[in-house]
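Let's take a friendly walk through one protein model, from its metal site outwards. Have the coordinates open as you read.

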Amino acid sequence: MVAPDRRAATGRGQWADVDTLRYKAAGSAPFRDITRQLLFDDPQLACQLRYFEVAAGGFSTLERHEHLHAVMILNGRGHCLIGDTVHAVAERDLIRIGPLQWHQFRADQGEPLGFLCMVNAVRDRPQLPSAQELAALESNPSVAAFLRADG
Ligand code: MN
């Protein structure tokens with residue numbers, strides 16, 4: 001379905017005629033307090049543009065895949081893990097997530113995090129870390145602190 005030429009912004013992270021969707025099926029992967037909106041899903045584009053909003057203290061799934069993400073932070077602030085590095089992120093920052101880089105986004109406590117994410121329309125399924133891969137990530141103290149931020 002082709003979207004109308006214009007869908008007006010109606011608030012922070014809200015647009016007319018854009019549904020707020022669940023992030024993923026519950027129980028399919030670990031995540032907390034995050035929603036998904038599909039802003040552009042045009043068959044004539046090879047990409048989709050989504051908007052994710054992570055409530056304060058929430059997080060996306062720790063995952064990796066062959067396809068890339070091109071991200072712009074739109075609202076709030078938080079931290080993201082890319083590969084083995086934790087980055088503080090804030091409004092208008094640009095983030096590239098390359099093939100098979102482990103990644104996760106976390107909103108800071110008391111501050112939601114909203115971001116745009118461009119992704120291939122046709123893409124491979126995300127992989128979750130094995131216990132060994134998780135242990136390897138957690139061998140880096142700053143990564144371990146990031147991953148345990150949910151207590
Ligand atoms: Mn991903």
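What follows is a short tour of the metal site, the pocket, the salt bridges, the strands and a few residues with unusual backbone angles.

Please keep in mind that this is a predicted model.

## The manganese site

Which residues hold the manganese ion? Its ligands are Glu-63 through OE, together with His-65, His-69 and His-103, each through NE2. The distances run from 2.0 to 2.2 Å. Along the chain, these donors follow the pattern E-x1-H-x3-H-x33-H.

How accessible are the ligands? Glu-63 counts as buried, at 6% relative accessibility. His-65 has a relative accessible area of 1%, so this ligand is buried too. His-69 is also buried, with 7%. His-103 belongs to strand 9 and is listed among the buried residues of that strand.

Trp-102 sits in the loop between strand 8 and strand 9. With a relative accessible area of 9%, Trp-102 is buried. Although Trp-102 and Glu-63 are 39 residues apart along the chain, their C-alpha atoms are separated by 5.4 Å.

## The largest pocket

The largest pocket holds about 580 Å³ of space. Several strands contribute two or more residues each to its lining: strand 4 (32-40), strand 5 (47-59), strand 9 (103-107) and strand 10 (113-120). In total, 25 residues line the pocket, and those nearest its centre are Tyr-23, Lys-24, Arg-50, Glu-63 and Pro-126. Glu-63 therefore appears twice in this story, as a metal ligand and as a pocket residue, and Glu-63 is buried.

What is the chemical make-up of the lining of the largest pocket? Ten of its residues are nonpolar, eight are polar and seven are charged.

## Two salt bridges

How many salt bridges turn up in a search of the whole structure? The search finds two. In general, side chains of opposite charge can pair when their charged atoms come close.

One of the pairs brings us back to the metal site: the side chains of Glu-63 and Lys-24 meet in a salt bridge, with 2.7 Å from N to O. This pair ties together distant parts of the chain, 39 residues apart. Glu-63 lies in the loop between strand 5 and strand 6, while Lys-24 lies in the loop between strand 3 (21-22) and strand 4. Lys-24 is partly exposed, with 21% relative accessibility.

The other pair joins Glu-133 to Arg-64, with the closest N and O atoms 3.2 Å apart. Here, too, distant parts of the chain are linked, 69 residues apart: Glu-133 is in helix 1 (residues 131-138), and Arg-64 is in the loop between strand 5 and strand 6. Glu-133 counts as partly exposed, at 27% relative accessibility.

## Strand 6 and its partners

Strand 6 (residues 69-82) runs antiparallel to strand 8, and four bridges join the two. Within this pairing, Val-71 stands opposite Ile-95 of strand 8. Strand 6 is also antiparallel to strand 9, through five bridges. In that case Cys-80 has Phe-105 of strand 9 as its bridge partner.

Are the faces of strand 8 (residues 94-97) covered or uncovered? Ile-95 and Ile-97 make up a covered face, whereas Leu-94 and Arg-96 form an uncovered one. Ile-97 is buried, at 0% relative accessibility. The C-alpha atoms of Ile-97 and Phe-52, 45 residues apart along the chain, are separated by 15 Å.

Strand 9 has five of its five residues buried. Both of its faces are covered, with His-103, Phe-105 and Ala-107 on one side and Gln-104 and Arg-106 on the other.

## Positive phi angles

Two residues other than glycine deserve a look for their backbone angles. Asp-17, in the loop between strand 2 (14-15) and strand 3, has a positive phi of about 65°. Asp-33 is placed in strand 4, and its phi is also positive, near 50°.

| Residue | Phi | Relative accessibility | Class |
|---|---|---|---|
| Asp-17 | about 65° | 71% | exposed |
| Asp-33 | near 50° | 48% | partly exposed |

The cut-off for exposed is over 50%, so Asp-33, at 48%, counts as partly exposed.

Note on methods. Residues are numbered from 1 along each chain as its sequence is written. This is a predicted model: local features need pLDDT of at least 70, side-chain atom pairs count only at pLDDT 80 or more; totals for chains, interfaces and linings use all residues. Side-chain values use heavy atoms; hydrogens and water are left out. Donors are N, O and S atoms within 2.8 Å of the metal (3.2 Å for Na, K and Ca); water is not among the atoms, so sites may look incomplete. Buried means under 20% relative accessible area, exposed over 50%, partly exposed in between (1.4 Å probe, protein chains only). Two strands pair if DSSP finds at least two bridges between them. On a 1 Å grid over the protein atoms alone, a cavity is a set of points where a 1.4 Å probe fits but cannot get out, and a pocket is an open set with protein on both sides within 12 Å along at least five of seven lines; lining residues have an atom within 4 Å of a point. Grid points are joined across faces, edges and corners, and a volume is the space filled by probe spheres set on the points. Ala, Val, Leu, Ile, Met, Phe, Trp, Tyr, Cys and Pro count as nonpolar, Asp, Glu, Lys and Arg as charged, and the others, Gly among them, as polar. A salt bridge is a side-chain nitrogen of Lys or Arg within 4 Å of a carboxyl oxygen of Asp or Glu.
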